[in-house]
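Here's a quick look at one model, with an eye on its buried spots and its cysteines. Have the sequence and the 3D view open as you read.

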Amino acid sequence: MIMIHKILVANRGEIAVRVIRACRDLHITSVAIYTRPDKSCLHVRIASEAYEVGEHPMKGYLDPHKIVEVAKQCGADAIHPGYGFLSENYEFAKIVEEAGLIFIGPKADVIHKMGNKNIARYLMKKNGIPVVPGTEKLNNESIENIKKYARQIGYPVILKASGGGGGRGIREVHKEEDLEGLLQDCKREALAFFNNDEVFMEKLIISPRHIEFQILGDNYGNIIHLLERDCSIQRRHQKIIEIAPSPTVSENLRKTMGVVAVAAAKAVGYTNVGTVEFLLDDYNNFYFMEMNTRIQVEHGITEEITGVDLIVRQIRIAAGEILDLEQSDIKAQGFAIEARIVAEDAAKNFTPALGKVTGYYPALGPSVRVDSHLYKDYNIPPFYDSLLAKLMVRATSFDLAVNKLERALEEFSIEGVTTTIPLLLAVSKSREFRRGFFDTSYTDKNMEVLVKEMQKYKDKKNKFKNEDQILNVITEAIERFEKDNR
């Protein structure tokens with residue numbers, strides 16, 4: 001087996017902290033990189049070594065040659081890409097491999113195949129994996145032909161960037177007269193975010209559930225899944241709350257979807273950690289949506305129900321270790337829920353919120369986990385993803401897990417900036433969520449009710465704040481009186 005002694009983490013924030021902690025657990029030297037605005041970020045503080053990669057807030061994190069140069073200069077054996085940035089950039093993986101370093105993830109050619117949704121669709125169809133009815137890339141097609149395809153598929157349709165992800169490069173089209181304008185919008189966003197304006201079209205599955213299976217495979221053809229996560233609570237195609245396993249998927253359906261997910265991974269010779277994502281309709285028909293060739297933001301809840309440390313497994317597999325787990329070893333230990341706390345004002349159309357964290361009090365207690373890079377006096381920069389913390393809870397049943405989530409959210413406090421905690425708490429209190437009656441349209445359908453519930457939370461917080469202020473005034477008056485009459 002290859003020995004890995006030093007890992008450069010080509011990322012920042014919460015995921016960089018998570019990888020560095022896994023390195024420390026394995027007694028592996030960790031190397032952080034940072035751009036000038038991130039000099040005081042937590043991942044820089046806790047890494048064994050840290051190196052600046054430029055003054056510009058983003059360019060250093062997106063420069064594969066600079067990152068590899070730093071890795072070689074500091075004597076790193078491997079590079080972990082985390083999620084986002086260059087994590088699904090096959091050219092970066094190729095540059096790392098060509099430099100004689102270990103890329104902690106799948107091979108570059110697999111990232112290339114699965115990173116392009118058109119190629120992925122073709123490969124899945126070729127191997128008998130069900131896909132949503134749709135087209136190949138549309139860039140060389142006339143608008144008349146595109147309209148013709150849409151009529152053949154049947155409205156509503158959805159336009160997607162071939163190289164997209166994270167909810168970007170997506171447009172829903174419900175009538176033909178909107179198609180041309182939305183197509184141009186989709187292509188512009190795809191070019192801006194992914195440097196690739198290639199777009200394709202699919203049938204829009206109305207209000208599906210978003211179910212994804214965690215894949216784990218070694219370099220010797222052994223592949224298993226670590227059950228599923230339900231990621232249906234979303235807004236603008238971006239996840240808000242995830243649950244593992246899904247409270248609405250039957251055991252028979254779980255087995256069927258799991259077999260298909262593993263078959264999809266084997267079809268492309270997948271190695272390391274990845275995720276096969278499906279759309280599930282009201283009749284339990286499921287369709288391949290995409291494959292994420294990296295660690296997922298929500299990997300922690302899979303760790304909580306299976307006891308498998310996915311970051312450690314990534315490192316061990318990259319070092320050449322044979323997978324010592326079989327499918328029969330994987331059993332869910334209760335339910336886990338993740339709530340993503342981001343710096344946004346959900347009541348004001350999810351307006352970004354910046355500022356200084358004047359107080360940070362994460363929730364605690366049995367089976368409560370928080371993955372975060374926050375600390376008191378941290379200034380939230382405007383350049384990066386707005387994720388502040390991931391609150392995860394685990395319990396023996398879904399109902400108890402929701403109870404624990406509600407309690408933990410009420411305890412969690414991030415002062416100085418507006419966060420989505422009120423929204424997450426409102427969801428946890430809703431009857432539909434508790435009963436498992438939700439799909440990807442849940443947030444849009446219930447936003448008016450959720451906003452009212454969020455206001456109750458804010459009113460309660462303001463009441464306590466006012467009471468604290470009154471108490472402080474009284475305390476100060478008593479202290480002054482005692483001082484004056486000594």
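Leaving out residues up to four places away in sequence, K147 touches E176 and L179. This is a predicted model, by the way. K147 sits in helix α7, which covers residues 143-153. Here's the odd bit: K147 is buried but has no salt bridge. The nearest side chain of opposite charge belongs to E144, 4.3 Å away. A salt bridge needs the nitrogen within 4 Å of a carboxyl oxygen, so that pair doesn't count.

Now for the greasy parts. In soluble globular proteins, nonpolar side chains tend to be buried together. The largest nonpolar core here has 74 residues, and L8, I79 and F433 touch the most other members. Take I79: setting aside neighbours within four places in sequence, I79 is in contact with L8, A10, I67, V68, A71, F92, V96, L101, I102, F103 and I104. Apart from that core lies another one, of 41 residues, with L216, V273, V297 and I301 among them.

How many disulfides does the structure hold? Zero. Two of the cysteines show why: a disulfide needs sulfur atoms within 2.5 Å, and the sulfurs of C41 and C74 are each too far from their closest cysteine sulfur for a bond. Both are buried, too, C41 as well as C74.

| Cysteine | Closest cysteine sulfur | Sulfur distance | Relative accessibility |
|---|---|---|---|
| C41 | C23 | 16 Å | 1% |
| C74 | C23 | 12 Å | 12% |

Conventions. Residues are numbered from 1 along each chain as its sequence is written. This is a predicted model: local features need pLDDT of at least 70, side-chain atom pairs count only at pLDDT 80 or more; totals for chains, interfaces and linings use all residues. Side-chain values use heavy atoms; hydrogens and water are left out. A nonpolar core is a set of buried Ala, Val, Leu, Ile, Met, Phe, Trp, Tyr and Cys residues joined through side-chain atoms within 4.5 Å. Buried means under 20% relative accessible area, exposed over 50%, partly exposed in between (1.4 Å probe, protein chains only). Contact means heavy atoms within 4.5 Å. Helices (H or I, at least four residues) and strands (E, at least two) are DSSP runs, numbered from the N terminus. Lys and Arg count as positive and Asp and Glu as negative; His and the chain ends are not counted.
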